[in-house]
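Here are my notes for you to read alongside the model. Take them one at a time, and keep the 3D view open as you go.

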Amino acid sequence: MTTTNTHNFNLDLNLLVEEAFERCGAELRTGYDLRTATRSLNLLTIEWANRGINLWTVEQATIPLVQDTATYDLPTTTIDLISQVIRTGTGTTQSDITISRISNPTYASIPSKNDTGRPIQVYIDRQAAVPKITLWPIPNDGSYTFVYWFLKRIDDAGTGVNTQHIPFRFLPCMVA
């Protein structure tokens, strides 16, 4: 028996919503139906992000640190940081040193927030529209790089022609 040897099946937004309506015994008839379904899908992906780590959304990024600068913006698509290191050097002389994540009360209790040196702690402020990190101590030179792995927000449902930003194995859950 021969097989297709292809692995490309996916559904764009229109087909996904059409399948959901058919499973309910209904028919997608109006633009309003599609608009409300799109809104529901966007809320569903937010719920999935709130429930925990969606491994397909974990990405690595870097921020070159600037001497005497403690606070840096993260991408607005950042949900949370998974892990983080301070990198020194490059190539074969590169060294990654894990730094501790601290809470707001712990950061607030640091008596000398203006100390400088190699950062050993990071406070993550996810409350603002633009998430930020604050390092302590403040970098004492520009040779450090903040390397981090973060949960990225799942892409919006879109306008109907895009496939969804989910692994194929999540399609049945999304249709349901």
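**Notes on the model**

1. Let's begin with a tryptophan. W56 is partly exposed, with a relative accessible area of 21%. For the labels, buried means under 20% relative accessible area, exposed means over 50%, and partly exposed is in between, using a 1.4 Å probe and protein chains only.

2. Before going further, some ground rules. This is a predicted model, so local features need pLDDT of at least 70 and side-chain atom pairs count only at pLDDT 80 or more, while totals for chains, interfaces and linings use all residues. Residues are numbered from 1 along each chain as its sequence is written, and side-chain values use heavy atoms, with hydrogens and water left out.

3. Now the aromatic rings. Rings of Phe, Tyr and Trp (its six-membered ring) pair if their centres lie within 6.5 Å; planes under 30 degrees apart count as stacked, over 60 as edge-to-face and the rest as tilted. That rule gives five aromatic pairs. Take W56 and F170: their ring centres are 4.7 Å apart and their planes sit at 65°, so this pair is edge-to-face. W56 is in the loop between α2 (31-51) and β1 (58-64), and F170 is in the loop between β10 (144-152) and α4 (171-175), so the pair ties together parts that are 114 residues apart in sequence. Helices (H or I, at least four residues) and strands (E, at least two) are DSSP runs, numbered from the N terminus. Ring pairs also link W48, W56 and F170 into a cluster.

4. I166 is worth a click too. This residue lies in the loop between β10 and α4 and is buried, with a relative accessible area of 9%. What does I166 touch, leaving aside its neighbours within four places in sequence? Its contacts (heavy atoms within 4.5 Å) are W48, W56, L171 and M174. By contrast, the C-alpha atoms of I166 and Q60 are separated by 18 Å, with their positions 106 residues apart along the chain.

5. Next, helix α2 itself. How far apart are the end C-alpha atoms of α2? At 1.5 Å a residue, its 21 residues should span 30 Å, and the end C-alpha atoms are indeed 30 Å apart. (The expected span is 1.5 Å times one less than the number of residues.) Right after α2 comes G52, whose phi is positive, near 155°.

6. Which residues of α2 are buried? They are D33, L34, T36, A37, T38, L41, T45, W48 and A49. Their cover includes α1 (13-23), β3 (78-88) and α4. Zoom in on T38, one of these buried residues: its relative accessible area is 12%. Leaving aside neighbours within four places in sequence, T38 is in contact with L13, A157 and G158.

7. T57 sits in the loop between α2 and β1. Is T57 buried or exposed? Buried, with a relative accessible area of 2%. A polar atom of its side chain lies 2.7 Å from the backbone oxygen of N54. Leaving aside neighbours within four places in sequence, T57 is in contact with F150, L151, K152, I154 and H165.

8. On to the charges. A salt bridge is a side-chain nitrogen of Lys or Arg within 4 Å of a carboxyl oxygen of Asp or Glu. How many salt bridges does a search of the whole structure find? Nine. Within α2, E47 and R51 are four residues apart, about one turn of the helix, and their side chains meet in a salt bridge at 2.9 Å, N to O. E47 is partly exposed at 34% relative accessible area, while R51 counts as exposed at 66%.

9. Compare a couple of others. R29 and E27 form a salt bridge at 3.8 Å, N to O, and both residues are exposed. D96 and R87 meet at 2.7 Å, N to O; here D96 is partly exposed, at 36%, but R87 is buried, at 18%. There is also a network of salt bridges linking D80, R101 and R126.

10. One last spot to look at: the charged end of K113 sits over the ring of Y107, 5.4 Å from its centre. For this label, NZ of Lys or CZ of Arg must be within 6 Å of the ring centre and within 35 degrees of the ring normal.

Key
Polar contact = N/O pair within 3.5 Å; in protein donor to acceptor, adjacent residues only side chain to side chain.
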